[in-house]
Amino acid sequence: MPQAHDSRFMRLALALGRRGRGNCWPNPAVGCVIVRGGRILGRGWTQPGGRPHAEVVALTQAGAAARGATAYVTLEPCAHHGKTPPCAEALVAAGVGRVVTALSDPDPRVAGRGHAILRAAGIAVTEGQEADAARRDHLGFLTRVTEGRPMVTLKLATSLDGRIATADGESQWITGAEARRHVHALRLAHDAVLVGGGTARADDPLLTVRGLGAAHQPVRVVAARGLDLPGAGRMAASLAEAPLWLAHDPDQTRPETAAHWRELGARLIAVPAGPDRRLDPAALLRALGAAGLTRVFCEGGGAFGAALLRAGLIDELVVFSAGLALGAEGRPALGAMGLGALADAPRLRLQDVTPIGGDVLSRWVR
């Protein structure tokens, strides 16, 4: 296979890998394509729960035809024995002639060993194909391995002047039906949906994926230092529909309140408070990373989103802007940032702008 075709097939592998987003954590959402003579023999992506891995799915589909073929994999094949044998050894056993990868895996259990296994078996290895795109796709996994936390996408749905509600709190609906449907698709592509306690108390949101025929639901995470949440609200009543994790400070939580939520079936995650007695955002994300989450979709509220942004913990910002203005009396999208100078403001880079129905979606990255 001429190497000029490597980019084409790696882009296909990346597109396949995205199908596993939100459904294979703590494993990375890898894609794999087996090709010979320009013909695709097998394709795969990481399956729900993280197994089987993309390479195994693609090799199974290719069967004996994989011998001498080229495998395109969006991340270095694993080299360690876990619940399944190493994918690097599976590629060797299948007799592939060449492996093209996008990124090395920083996991200490792999970290070049997968490539070394392939080369030791006489398989030609090409690294770094479509590396920038793969780095974006695997950001959550990479951030968890290297920084101990998941990547965070912050979503804002605002008026043209950056307001999320009227002075009286009316907010349904600033954006249109198409934008709201897109938000559900974004939830589905993340491992968890995260909100602060203020939003949970004010809105009692479900935070589930609806209207898309979803086969799974993201974990719902609420950051509420004292667990002062509606005990009989929609979120509590829907525990059979989607998991609920409650991040709280045990020193500010009454034991009977914690027991109540445990009995309902919620998972409680202890997070220390900062000097302001609010949950430390960095400690919160480390706890979520330790629990296996790689991609978190934060939907507010304003004070919580501002705290994450101020702490440099937002990796991607998605803003749905509607064509209306609410004026200075409207509620701002973000709470106080405590900025003394413009130079102190977090600055992000525009990734793309897309019309969504009558609204506009802009994506910004760190």
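The questions and answers below concern strands, cores and one buried arginine in a predicted model.

Residues are numbered from 1 along each chain as its sequence is written. In this predicted model, local features need pLDDT of at least 70 and side-chain atom pairs count only at pLDDT 80 or more, while totals for chains, interfaces and linings use all residues, and side-chain values use heavy atoms, with hydrogens and water left out.

Reader: In the open sheet of 5 strands, which are the edge strands?
Author: Strands here are DSSP runs (E, at least two residues; helices are H or I, at least four), numbered from the N terminus, and two strands pair if DSSP finds at least two bridges between them. The order is β2-β1-β3-β4-β5, with mixed pairing. Pairing on one side only marks the edge strands, β2 (39–45) and β5 (124–126).

Reader: Which residue is the bridge partner of A71 in β4?
Author: Strand β3 (residues 70–73) runs parallel to strand β4 (residues 98–101), and 4 bridges join them. Within β4, A71 has as its bridge partner V99.

Reader: Which element gives the largest share of the largest nonpolar core?
Author: A nonpolar core is a set of buried Ala, Val, Leu, Ile, Met, Phe, Trp, Tyr and Cys residues joined through side-chain atoms within 4.5 Å; buried means under 20% relative accessible area, exposed over 50%, partly exposed in between (1.4 Å probe, protein chains only). This core has 36 residues, and those touching the most other members include M10, I34 and V99. Elements giving two or more residues include α1 (6–17), β1 (31–36) and α2 (54–62). The largest share, 5 residues, comes from α1.

Reader: How many residues lie between β15 and β16 in their hairpin?
Author: Strand β15 (residues 349–356) pairs with β16 in the antiparallel sense over 7 bridges, and I356 has D359 as its bridge partner. G357, in the turn, has a positive phi of about 60 degrees. The number of residues between the two strands is 2.

Reader: Which strand is joined to β16 by 6 bridges?
Author: E316 stands opposite V365 in β16. The antiparallel strand joined to β16 (residues 359–365) by 6 bridges is β13 (residues 316–321).

Reader: How far from R220 is the nearest side chain of opposite charge?
Author: R220 lies in strand β9 (residues 219–223). R220 is buried yet has no salt bridge, a term for a side-chain nitrogen of Lys or Arg within 4 Å of a carboxyl oxygen of Asp or Glu. Lys and Arg count as positive and Asp and Glu as negative; His and the chain ends are not counted. The nearest side chain of opposite charge is E241, at 6.2 Å.
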